[in-house]
Amino acid sequence: MVKFLISRPIALSMTFAAIVILGIISMFQIPVSLLPAIDIPKITVQVDKPNSPAQELENGIIKPLRIQLMQLAGLKNIRSETRDGSSLIYLDFEHGTHIDYAFIETNEKIDRAMSQFPSGTNRPKVIKASATDIPVFYLNISLKAPEKEKQTNSLFPVSEQFMQLSRFAGQVIKKRIEQLPEIAMVDISGKVFPELLIIPDIKTMENLGISLSELEATIKKNNVDFGNLLIRDGQYQYNVRFANSLKNKNDIENIYFNKNGHLIRLKDFAQVILHPKKRKGMIVSDNQNTLSLAIIKQSDAKIQDVEKSLRRLLSLLENDYPDIKFKVTRDQTQLLDYTLNNLQQSLILGAVLAFLIMFFFLKDYKSPLLIGISIPVSLIITLLLFFLSGISINIISLSGLILGIGMMIDNSIIVIDNINQHYQRTRKLDISCVNGTNEVFRPMLSSVLTTCAVFIPLVFTGGISGALFYEQAMAVSIGLFISLFVSITLLPAYYRLFYKNEKSNTKITEFLKKINKINYEKFYEKAFHLIMKRQKLALSVFVFLILAAIILFIDLDKRQLPEITKDETIIKIDWNRRIHIDENKKRSLNMLEAIKGDYKQYTAMIGSQQYLLDYSGNASSSETQIYIKAVSPKQLKKIISRLNTVLNQKYPEASFRFHDADNIFNVLFPDEEAPLVARLRAVKEFGKDKNKILINNLDLLRKNLSSMHITIPAPVFKEFIVLKTKPEQLLLYDVALNQITKSLKNAFNQQNIFLISGNNEFIPVIIGSKPQLINDIIAKTTVPNGKGKLIPLRNLISQGRDFSLKTITAGQEGEYYPVPLQIPENQLEKTQNIIRNTLKQNNQYEAGFSGSIFSNRKLIKQLSMILIISLSLLYFILAAQFESLTLPFIVLLEVPIDIFGALLLLKIFGASINLMSLIGIVVMSGIIINDSILKIDTANQLMNKGYSVMHALLEAGHRRLKPILMTSLTTILALVPFLFTSGLGADLQKPLALSIIGGMIIGTLVSLFFIPLFYYYLKK
């Protein structure tokens, strides 16, 4: 085939030109995203039952529902978190479970469980996790001018202007953004809703003889809507409407009451106020009340198109509404642009460095130019196959290209160098092109197959990891096969064209030879003879390096994923005190004062939020989560340290934790679980004393673990007021229980009469009173008895206080209390034993264990098995190539030493053993043996020609020294930019690059010196 192609250079060029043009066109059609499109095997079930205590909700609804959901196919884990009035059930499925079917089955299980729920329970909501549900960015909207408060009391917590802005944002801005074809929906939080509050003057009502029941009944009577009546009038017919319903504040104020023949209007004895409804939460940014709009794109929309459309619309909105401030925060498009730009720069820089190495070694400008033509051609054709295979441009596929570009150059180097050697010996150009290419085709094909072979098991890595790195495996495999194809077709034909006139431009060639005076062949020969003379010492070094690799593996920190450089975080705080959201806001802003100047922006989400796609559930008024974007990653560490100090000093009772801001990577690989979680389960029902017993056991654990410097977070309790009626007093004063309930609802502004519809919103009408302290309410409130006499409420009820866990956590084993412990892996067994022995002292609790340590161990075990499978595949391929069952063992012997090099470099750079570094070790094992394959294949050919073992090894070393050095250096240099760039993509791939670079540095020396030694022993 090569002979035919080198005689048809124009036909060959036109064929490749057509393919390259198709590739260039396809480059602009390939979708660009942060990560590959992967189904997230998670479903969240939201249960809401207002005014239900957490324990009642757990026992009556969540427990039977959880039992039903535990029967779901493919369910890996189930966990529920129940609070007063709401609960969240998190369902994690095995990867590969068809999530759409799981969603349908989940709904079916809920429908089946509904019959067991108490009457009046709303159907739970089922939310399927999706990468497209993650907002592209958040848009904060606030007023530019300072808010003017209408009143200073708690009836008006925000200004009238902000209430209007809230209505305007929901009805205008939200809809304008949703009209963009790239936008799926806009999720909004921080809105303030209006409410009509009727505050009656109780004394005036008593004088007029109007009771609260009469007041409520009269208002309802006046709000009559008969609907439409169809009336016929001759040949015509009309719709007749009655205008008797209440539409606004003025209508309610002018409701008439007839008392003893006198008409009295409502406004004569009651005040009607249109004010902001009591808020359960708020959003604050730049010390201002803020509305937050989460922008969610269409699933098939390109993120670049989304960004352009939104930026254009925001520019128009800023011009149209100059009094409103628009601020973009948590921008995912910046993360995508920054990450992909860094990876593209790494790709270009790696290619340039590798190109310079070729000039240095080849001492000829033509050969590097030939390789310089083959690499872009290979890349463009690879991208064409990306398009045809449905692979997107993302941080995984791009890193695969960067990893592959060094190996793409390897194929070109081997072909060019072998043709050069044949040409120098025979001086026959056509024969050299044909024989030089054919001679290395078999070992090159074997090298490509061995490299791809290590990727095949990676695709079968369990969970999302395997699906995620499928594109990396595909990128490398496609790139290698394309580069092999280009190397054996295009390069020989162009080599013949370039070297037809060998006398041209000899000055450049002479200059390149002059500047490269390093005689690496002489150094190799000396080192080769030294190794052969000191064989026992060399073998001792071999054994020592294997032992060192084992020690390094034990010593290195182990985790699921590498540490990602970030400049933003979210801190979740529970002040663990029964505070109002206004006090929560005050504390949050005071805390932020301590880091002023270190952050670019912040958004404080205080209390419960209104997002429809909110997986975190309803937060209480004492909880807040604050998004903070730092000036730099270094400043973020300073911020986290400072906030830790402030919170521990000023609010020691508060519970808080930091976690990463939401993006697709964090959703796929959540890092929320502590290294070890002790799941404490009560062995029996303790009744009222269960909270005290839990505290006692936690104190005992805290005491016994203090010697290991392990801290146990304080439990988060919720204090509540208990109002208990006095049955004997109710009978004595002839008071019905429902009258007490109605009076308390009025006092606490909870007596909702009806809704007024207008302006695309519903305004509730409430009978209540001005805000008061609870003790004042109980002291001043009266309740009518059966005879209409008013009885003081304080005579009918008693008041007390109690506390309970704010959140009830449960899983497959039932209810448990999670104790997160931050421990190193080497303390796992000791910590577990202390916890078990401590709990046995009282026999009140037993412990189960979970945590990231267990998942990390499972991952390492899985990848170790993958390494064994990969080495087995390599053995099969090598045995087939060498037609020998023993020669492959020589090649594979170098893998343990190469692993030492990988682990050593990880240790030097302070990296951990994680998913990426382990993948790097597996990939390195497939790459580095290519040099040994090439050398052994050459030695075999020489021995077949009659060379002695020693002579064959030395000659093979001389012939393959330059290709081995060049291929190793080009692969290493292609990955070096990862070590000096930042961003999600670079951080993710850095441990992989370290593993490969470290392994290849040691592996090159092993290929040059240890492999000949083992080959010598085998043949001798």
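Helix α5 has a kink of about 45 degrees, centred on Ala169. This is a predicted model, so take the bend as part of a prediction. The helix runs over residues 160-178, which makes 19 residues. From its first C-alpha to its last, α5 reaches 26 Å, close to the 27 Å expected at 1.5 Å a residue.

Ala169, where the kink is centred, is also one of the buried residues of α5. Others on that buried list include Phe162, Met163, Leu165, Ser166, Gly170, Ile173, Lys174 and Ile177. Here's a handy bit of background: an α-helix has 3.6 residues a turn, so residues three or four places apart point the same way.

Now for another helix, α18, which covers residues 535-555 and holds Phe553. Phe553 joins Val543, Leu547, Ile550 and Ile554 in making a nonpolar surface patch of about 460 Å². How can Phe553 be part of a surface patch, and why does it count as partly exposed? Its relative accessible area is 31%, and patches take residues with over 30%.

Finally, two loop residues have a positive phi without being glycine: His709 and Asp734. Here they are side by side.

| Residue | Phi | Loop between | Relative accessible area |
|---|---|---|---|
| His709 | near 60 degrees | α22 (690-705) and β22 (717-725) | 74%, exposed |
| Asp734 | about 60 degrees | α23 (727-733) and α24 (737-747) | 43%, partly exposed |

So is His709 buried or exposed? His709 is exposed, because its 74% is over the 50% cut-off. Asp734, at 43%, counts as partly exposed.

Note on methods: Residues numbered from 1 in each chain as written. Predicted model: local features only at pLDDT ≥ 70, side-chain atom pairs only at ≥ 80, totals over all residues. Heavy atoms only, no water. Patch = residues over 30% accessible without salt bridge, like charges linked within 9 Å, V, L, I, M, F, W, Y side chains within 5 Å. Areas by Shrake-Rupley, 256 points an atom, 1.4 Å probe, with all protein chains shown as cover. Salt bridge = Lys/Arg side-chain N within 4 Å of Asp/Glu carboxyl O. Helix = DSSP H or I, 4+ residues; strand = E, 2+ residues; numbered from the N terminus. Buried < 20%, exposed > 50% of the residue type's maximum accessible area, 1.4 Å probe, protein only. Expected span 1.5 Å × (residues − 1). Bend = angle between axes of the 7 residues up to and from the residue.
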